[in-house]
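Open your viewer and turn on the cartoon view. We will go from stop to stop, selecting one thing at a time.

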Amino acid sequence: MASSSSLLRVVFLLLSLSDSATRILGLEFGINYGQIANDLPSPSRVATLLGSLNVSRVKLYDADPNVLQAFSNSNIDFIIGIGNDNLQNMTILANAQDWIQQHVQPYIGQTQISCIVVGNEVLNSSTNQWMPYLVPAMKTVYSALSNLGLNKQVAVTTAHSLNILATSYPPSAGAFWPNLAQYLQPLLNFQAQINTPFLINAYPYFAYKGSPSEVSLNYVLFQPNEGLTDPVTNLHYDNMLYAQIDAVYSAIKAMGHTDITVRISETGWPSKGDDDEAGATLENAHIYNENLLQRIEQKQGTPAKPSVPIDIYVFALFNENLKPGPTSERNYGLYYPDGTPVYSLGLQGYLPELYSATGTRVRQIRFLA
């Protein structure tokens, strides 16, 4: 009989896997686990769901202790985050060390934490209030990790919006906005020194939404199309995401670095949008993410970096009903909060049964997405 303190019982209900499910389950891809919602399943149930999906990497936007505890001994690798509003505080070594002792050290023995993202899209903020603190905070967090003997285990980086590019086409002409050089140059120098990746949040959807009459939908969805050829390098691009990645590589090279790897910390497509949000449909979201997963499976590189497989965190795990902004912002999830898929991607998974305090079964989800 269930006690009042035991609301959850895990019941493992495995389904027979179709060929497509087996193929996708062999992937190692990352996913963003956002929590701006009031209807999400508990972290312990999410841990079961992601385990059944064979997801190997998860990115958080904070360091939620409930999540980190729930994923103990899960073999899932975590990226955790420090919020923009905490950057100034993190420029003080004692504060950074205290943060790590509270948010990393208690969990790292059981939960794999491989990276701390210091700030998110700081250089794209409407004001520059956080920009001066970004690099000092990154350096201080790294120093604190070093003092605690964790710098070889936990990397330090930050995530950027693609809007830091002043020029993105052709990819060989990629360049950052000149006014950001004062922040990006020391940031790149530091990241090259500690050998950590340059994270970029890239959404071809935004390009299509902004100019649906000029941007080919097939080009942004990885569908068959004529593509584009860079007139300088003569490299051919059959999708926009790869062109965006190579534009970032070009911008980094223009600042003197060829020793930094670019990774995609966010990309996705909304399954629903407002009337003025062109392309935000369930069908397009399905096509984008299905084709993206296929390219991850193939370990493709971009035209400029063919030997470097794309490294991507899909956005996002769940639809988040409290996110502000247009309807699309609340509809990037691969799953609804009850664990059912928004559309089929060949991902087989399950949520454990949920029981009331009296032992009555409330919910059980099993699916082949």
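One cut-off will help at the last stop: a residue counts as buried when its relative accessible area is under 20%, and as exposed when that area is over 50%. Keep in mind, too, that this is a predicted model.

**Stop 1: the barrel.** Color the strands. Eight of them, the 8 strands in the order 1-2-3-4-5-8-11-12, close into a barrel with parallel pairing. From one strand to the next, the twist averages 25°. To see where the ring closes, select residues 30-32 (strand 1) and 312-314 (strand 12), which pair in the parallel sense over 2 bridges. Within this pair, I31 has V314 of strand 12 as its bridge partner.

**Stop 2: two helices on the sheet.** Now select residues 131-147, which form helix 5. This helix packs on the sheet and touches strand 3 (77-82), strand 4 (112-120) and strand 5 (155-161). The direction of helix 5 makes about 155° with that of strand 5. Next, pick residues 240-254 for helix 9, which touches strand 8 (198-201), strand 11 (262-267) and strand 12. Its direction makes about 135° with that of strand 11.

**Stop 3: the cavity.** Stay with helix 9 and strand 11, since each supplies at least two residues of the lining of the largest cavity. How many residues does strand 11 give to this lining? It gives 3, the largest share. Show side chains for the lining residues, including I245, Y249, V262, R263, I264, K305 and D311. By class, the lining has 7 nonpolar, 2 polar and 3 charged residues. The space inside is about 80 Å³, and a search of the whole structure finds 1 cavity of 30 Å³ or more.

**Stop 4: backbone surprises.** Most residues other than glycine have a negative phi, and most peptide bonds are trans. Zoom in on Y169 and P170: the peptide bond joining them is cis, with omega near -5°. P170 sits in the loop between strand 6 (165-167) and strand 7 (175-176). Then go to F315 and A316, where the peptide bond is also cis, with omega near 10°. A316 belongs to the loop between strand 12 and strand 13 (348-355).

**Stop 5: two positive phi values.** Select N195, a non-glycine residue with a positive phi of about 60°, in the loop between helix 6 (181-194) and strand 8. Finally, select F222, whose phi is near 65°, in the loop between helix 8 (217-220) and strand 9 (228-229). Which of these is buried or exposed? N195 counts as exposed because its relative accessibility is 63%, whereas F222 is buried because its relative accessible area is 6%.

Key:
Residues numbered from 1 in each chain as written. Predicted model: local features only at pLDDT ≥ 70, side-chain atom pairs only at ≥ 80, totals over all residues. Heavy atoms only, no water. Pairing = 2+ DSSP bridges. Helix = DSSP H or I, 4+ residues; strand = E, 2+ residues; numbered from the N terminus. Axes fitted to C-alpha atoms, helices over the stretch in contact; angles between N-to-C directions. Contact = heavy atoms within 4.5 Å. 1 Å grid on protein atoms, 1.4 Å probe; cavity = no way out; pocket = protein on both sides within 12 Å on 5 of 7 lines; lining within 4 Å. Points joined across faces, edges and corners; volume = space filled by probe spheres on them. Nonpolar A, V, L, I, M, F, W, Y, C, P; charged D, E, K, R; others polar. Buried < 20%, exposed > 50% of the residue type's maximum accessible area, 1.4 Å probe, protein only.
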